[in-house]
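Biologist: I'd like to get to know this protein model. Could we go through it together?

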Amino acid sequence: MKPPPLASPLLLLLLFLVFPRPDLASAASCHPDDEAGLLGFKSAITADPSGILASWKPGTDCCAWNGVTCLSGDRVTSLSVSGRPDRPAAYLSGTISPSLSKLQELDGIYLRDLRNISGPFPDLLFRLPKLKFVYIDNNRLSGRLPSAIGKLAGLGALSLEGNEFAGPIPASISELTQLTQLKLGGNSLSGAIPSGIRLLKDLSLLSLAGNQLTGPVPDFLGSLTNLRFLMLSHNKLSGTIPATLSGLAPTLANLELGHNALTGRIPDFLGNFRTLDTLDLSSNRFRGVVPKSFANLTKIFNLDLSRNRLVDPFPQMYVKGIESLDLSHNRFRLGQIPSWVTSSTIIYSLKLAGCGIKMRMEDWKPKETYFYDYIDLSENQISGSPAGLLNRTDFLVGFAAAGNRLRFDMGALRIPQTMRQLDVSRNLAYGKVPEAVSGLDSLNVSYNRLCGRIPDGAKKFAAAAFARNRCLCGPPLGPCKS
């Protein structure tokens, strides 16, 4: 039997055009409505200096554009456009075009850290029926949150942090009962925390920090038993910590109430929060002693009780690895740096300014100095030299020990390349100002016994940074004598 004749090249070409390969047929472009909606968004952007939207070109598959995801055939399901805080040019300027409402399959919109996106609350969100996740944070949206915000009842997460919204939090927020995250921090919201938040039983994170909220810490928060993160710092809240908050003891990991106007004593029940890793009660008006029950906080990593009216005795604690500690500016007389601090191998920030510490710097031998970023031991009665400590640090960013009795040769002080802030004013330092201070962002060596010419690279600092020394000269001070 003869084999069948081979198909001609022309016939093969015709067959290819009529019956394209299945893999090419499946690589369809995105839906035309989605393409139009995205291009409308791009047209409302007035500046894109780092080319975040450079791949958004008409006639190309928008499912392949930067930040666009299609998980439902040819329909866009997620839009994620983010800037980079470490790159000042990585931002967008403009507004959020209502054309995004064409993306009817969209379940997540993430416009984060773009810095210069302005305009009011984007009403287009109300016209996206499948929307579950909204993260439009660290931009410049302004005006009031809409009273109808409760119509976004399908949301599982809402973040509008870091914008410029003002006015009250709408009462209809209570209708967002599927929320697990509500983040409205870093705005200018005012008024009381709405009582309707008590209905958001699935919340695991509530952040209202950095606003102008007034009134008490709500007593209903203790009924939100799934809450793991509660951030209310930097507001104008007053009154005491409500006893009902003890209901969060089994789950809460972060409790941040710093920078308010809270009063009374720190309640004993906080010692029952055994899963707590961050506690911030700083810059309030708490008085009395820190409860002995704090000995139970063995898992805490970040503790900030600074700038209150707390007194001795500070309780014994059994923390295995503190990361950051700030007890500054209370009425403590600790005498020594606590042993549970000295033994931590992961600590990066230690601030004990004005804590009544009396010791020689050489006698403090922290188990690990590798991770230290910041050390503040100002306004104590510490003697000796910090040279040994600084010789053991490679990544220290800030060191402050003003107002002590340190006696050391400033010219021989090792300043790590990472250091940006140094304050050893009001001590007994002698010798010359080293050239290495030129790399700092802030410096204060005033009220010491330094002498000699100020390095040329240090001329950028104010004269006050060098005032009241024995015989320093040269800019920004007076000329040196020949």
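Here is a chat about a few spots in this predicted model.

Biologist: Let's begin with a record. Which residues does UniProt give for the feature "domain: Leucine-rich repeat-containing N-terminal plant-type"?

Modeller: That name comes from UniProt, in an unreviewed entry. In the model, the span it covers is 30% helix and 12% strand, and its end C-alpha atoms lie 10 Å apart. The record places the feature at residues 31-70.

Biologist: Okay, on to helix α3. What span should its twelve residues have?

Modeller: Helix α3 takes in residues 32-43. You count 1.5 Å a residue, but for one less than the number of residues. The end C-alpha atoms of α3 are 16 Å apart in the model, which agrees with the expected value of 16 Å.

Biologist: And which residues of α3 are buried?

Modeller: Buried means under 20% relative accessible area. The cover over the buried residues of α3 includes β1 (45-47), β2, β3 and β5 (108-112). The buried ones are D34, E35, G37, L38, G40 and F41.

Biologist: Now R75. Is R75 buried or exposed?

Modeller: First, where to look: R75 lies in the loop between β2 (68-69) and β3 (78-82). Its relative accessibility is 14%, and the cut-off for that class is under 20%. So R75 counts as buried.

Biologist: Which residue has a side chain joined to that of R75 by a polar contact?

Modeller: Leaving aside neighbours within four places in sequence, R75 is in contact with H31, D33, D34, T69, C70, K102, L103, Q104 and E105. One of these belongs to the buried residues of α3 as well. Its side chain and that of R75 are joined by a polar contact of 2.9 Å, and the residue is D34.

Biologist: Let's talk rings. How are the rings of W56 and W65 arranged, stacked or edge-to-face?

Modeller: The model has nine aromatic pairs by the rule used here. For W56 and W65, the centres are 5.5 Å apart and the planes make an angle of 25°. Both residues are buried, and ring pairs link them with F41 into a cluster. Planes under 30 degrees apart get this label, so the W56 and W65 pair is stacked.

Biologist: What about Y370 and F371: stacked or edge-to-face?

Modeller: Y370 has a relative accessibility of 42% and counts as partly exposed; F371, also at 42%, counts as partly exposed too. Their ring centres are 5.2 Å apart, with the planes at 85°. Since planes over 60 degrees apart fall in this class, the pair is edge-to-face.

Biologist: Over to the sheets. Why do β25 and β29 each have one side without a neighbour in the sheet?

Modeller: They belong to an open sheet of three strands, ordered β25-β27-β29, with parallel pairing. Strand β27 (residues 381-384) is joined to β29 by two bridges, and G384 has L406 as its bridge partner there. β25 (358-360) and β29 (405-406) stand at the edges, so each has a single partner strand.

Biologist: Last one. In the sheet β31-β33-β34, which residue is the bridge partner of C451?

Modeller: That's an open sheet of three strands with parallel pairing, and its edge strands are β31 (430-431) and β34 (471-473). Strand β33 (residues 449-453) pairs with β34 over three bridges. The partner of C451 sits in β34, and it is C471.

Key. Residues are numbered from 1 along each chain as its sequence is written. This is a predicted model: local features need pLDDT of at least 70, side-chain atom pairs count only at pLDDT 80 or more; totals for chains, interfaces and linings use all residues. Side-chain values use heavy atoms; hydrogens and water are left out. Helices (H or I, at least four residues) and strands (E, at least two) are DSSP runs, numbered from the N terminus. Buried means under 20% relative accessible area, exposed over 50%, partly exposed in between (1.4 Å probe, protein chains only). A polar contact is a pair of N or O atoms within 3.5 Å; within protein, one must be able to donate a hydrogen and the other to accept it, and residues adjacent in sequence count only if both atoms are side-chain atoms. Contact means heavy atoms within 4.5 Å. Two strands pair if DSSP finds at least two bridges between them. UniProt positions are given in the numbering used here, feature names are shortened, and annotations may be inferred rather than shown by experiment. Rings of Phe, Tyr and Trp (its six-membered ring) pair if their centres lie within 6.5 Å; planes under 30 degrees apart count as stacked, over 60 as edge-to-face and the rest as tilted.
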